Amino acid sequence: MKEKITEVLYQCYRSRADDSNDTIRECFSLLDEFTKEMPFTQGDRICSAVCAACAECERLAFLDGVNIGAQLILELTGG
């Protein structure tokens, strides 16, 4: 089965997105602070779940943006 073009665009975007900005580092520091008293495996599971949820939210927002942009082009061109 072929991938949807929006998924391919998202993968290209993610491969070039900067994950190392100050806000993201601060968020992970805060998460580390919350989980530092937990056993490593428990803290790691929490961090993994948070990262997966954030990644899915980002993916859906990106796809919505592409779809809204396409809709805007159709409306502006009368398509």
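**Note on helix H1 and the salt bridges**

1. At 46% relative accessibility, Glu 33 counts as partly exposed, a class lying between buried (under 20% relative accessible area) and exposed (over 50%), with a 1.4 Å probe and protein chains only. Glu 33 forms a salt bridge with Lys 36, the closest N and O atoms being 3.0 Å apart; the term denotes a side-chain nitrogen of Lys or Arg within 4 Å of a carboxyl oxygen of Asp or Glu.

2. The model is predicted: local features need pLDDT of at least 70, side-chain atom pairs count only at pLDDT 80 or more, and totals for chains, interfaces and linings use all residues. Residues are numbered from 1 along each chain as its sequence is written, and side-chain values use heavy atoms, without hydrogens and water.

3. In helix H1 (helices are DSSP runs of H or I, at least four residues, numbered from the N terminus), Thr 6, Glu 7 and Tyr 10 are buried. They cover an arc of only 95 degrees around the axis, which puts them on the same side of H1; the arc is taken from the directions from the helix axis to the C-beta atoms. The face turned away from this buried side carries the exposed residues Ile 5, Ser 15 and Arg 16.

4. Glu 7 also forms a salt bridge with Arg 59, the closest N and O atoms being 2.5 Å apart. This pair links distant parts of the chain, with Glu 7 in helix H1 and Arg 59 in helix H3, 52 residues apart. Both residues are buried, and together with Glu 56 they are linked in a network of salt bridges.

Methods:
Helices (H or I, at least four residues) and strands (E, at least two) are DSSP runs, numbered from the N terminus.
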